[in-house]
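Here are some notes on the packing of side chains in this model. Please read them with the structure open.

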Protein chains: 2
Amino acid sequence: MFELDERLANDTALVGDLPLSLVLLMNDQRFPWAILVPRRKGLVELHDLSAADRRTLADEAAAVSAALQKLTGAEKMNVAALGNIVRQLHVHVVARFAADDAWPRPVWGVGAAVPYAEGEAAACAAALKSALGV
Amino acid sequence: MFELDERLANDTALVGDLPLSLVLLMNDQRFPWAILVPRRKGLVELHDLSAADRRTLADEAAAVSAALQKLTGAEKMNVAALGNIVRQLHVHVVARFAADDAWPRPVWGVGAAVPYAEGEAAACAAALKSALGV
């Protein structure tokens, strides 16, 4: 059975379920930042996915990227599967702005997360869920 | 017509052509690092790709990731479409090791590239081309 990595669970709010992936929102108000986690056990690398699941994940990551860019008006979307710290396969989708705290560098490892105020993460997650139509 | 961004051309050696993407090798001996560039004009975001091209790109990125991990014995592969500096849509596939210069952080923006010695980049590119069967 698929179980969500504990660190991913602790750092995020739930957005909802796409056909393959659990969609999460990072609890870091510095960056509008979603994470997709395919609900499959034991995956580490993108090339561990079956061809069918890989294509579904590409569709789902593109849908989240388009929705988050539309919601935020971001200048650029960053989409990445890294996994150097959390091994469970997950894909980051981050909305980037030339004025953000990390630009033009990537967001990972830059400073410390700034959690949303009470209720704000859930509101952002709900907006993204609605934009995705799930 | 598709034209490769000049900075990508300057920083890389040619590996070869997959059905959709040009495959390049970053001229940085610190990290085994390939780049895929879909040969389509005017693309910036992953969600700019047609659904068919997006699935092909997912297949090609997975093939490059699997081949580069097999060639290098990397502990983790990092796959990312960022584009904060070079806007032309491109996907990084980087072989990572716990002993490398950036671990566990991402490689982008870490220090300066260390070019390969004469002939080495071409040899690495040829090895990757052979592993990809192109």
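The points below cover the nonpolar cores and the aromatic pairs.

1. This is a predicted model, in which local features need pLDDT of at least 70, side-chain atom pairs count only at pLDDT 80 or more, and totals for chains, interfaces and linings use all residues. Residues are numbered from 1 along each chain as its sequence is written, chains are lettered from A in the order in which they are written, and side-chain values use heavy atoms, without hydrogens and water.

2. The largest nonpolar core (buried Ala, Val, Leu, Ile, Met, Phe, Trp, Tyr and Cys residues joined through side-chain atoms within 4.5 Å; buried means under 20% relative accessible area with a 1.4 Å probe, protein chains only) has 58 residues. Among those with the most contacts inside this core are A:L36 and B:L36. A second, separate core has 30 residues, including A:L24 and B:A80.

3. Beyond its neighbours within four places in sequence, A:L36 is in contact (heavy atoms within 4.5 Å) with residues including A:L18, A:V64 and A:V93.

4. Four aromatic pairs are counted over all chains, a pair being Phe, Tyr or Trp rings (for Trp, the six-membered ring) with centres within 6.5 Å; planes under 30 degrees apart are stacked, over 60 edge-to-face and the rest tilted. The ring centres of A:W33 and A:W108 are 6.4 Å apart and the planes stand at 90°, so this pair is edge-to-face. A:W33 is buried at 4% relative accessibility, and A:W108 is buried at 11%. A:F31 joins A:W33 and A:W108 in one aromatic cluster.

5. In chain B, B:W33 and B:W108 form an edge-to-face pair, 6.4 Å centre to centre with 90° between the planes.

Key. Buried < 20%, exposed > 50% of the residue type's maximum accessible area, 1.4 Å probe, protein only.
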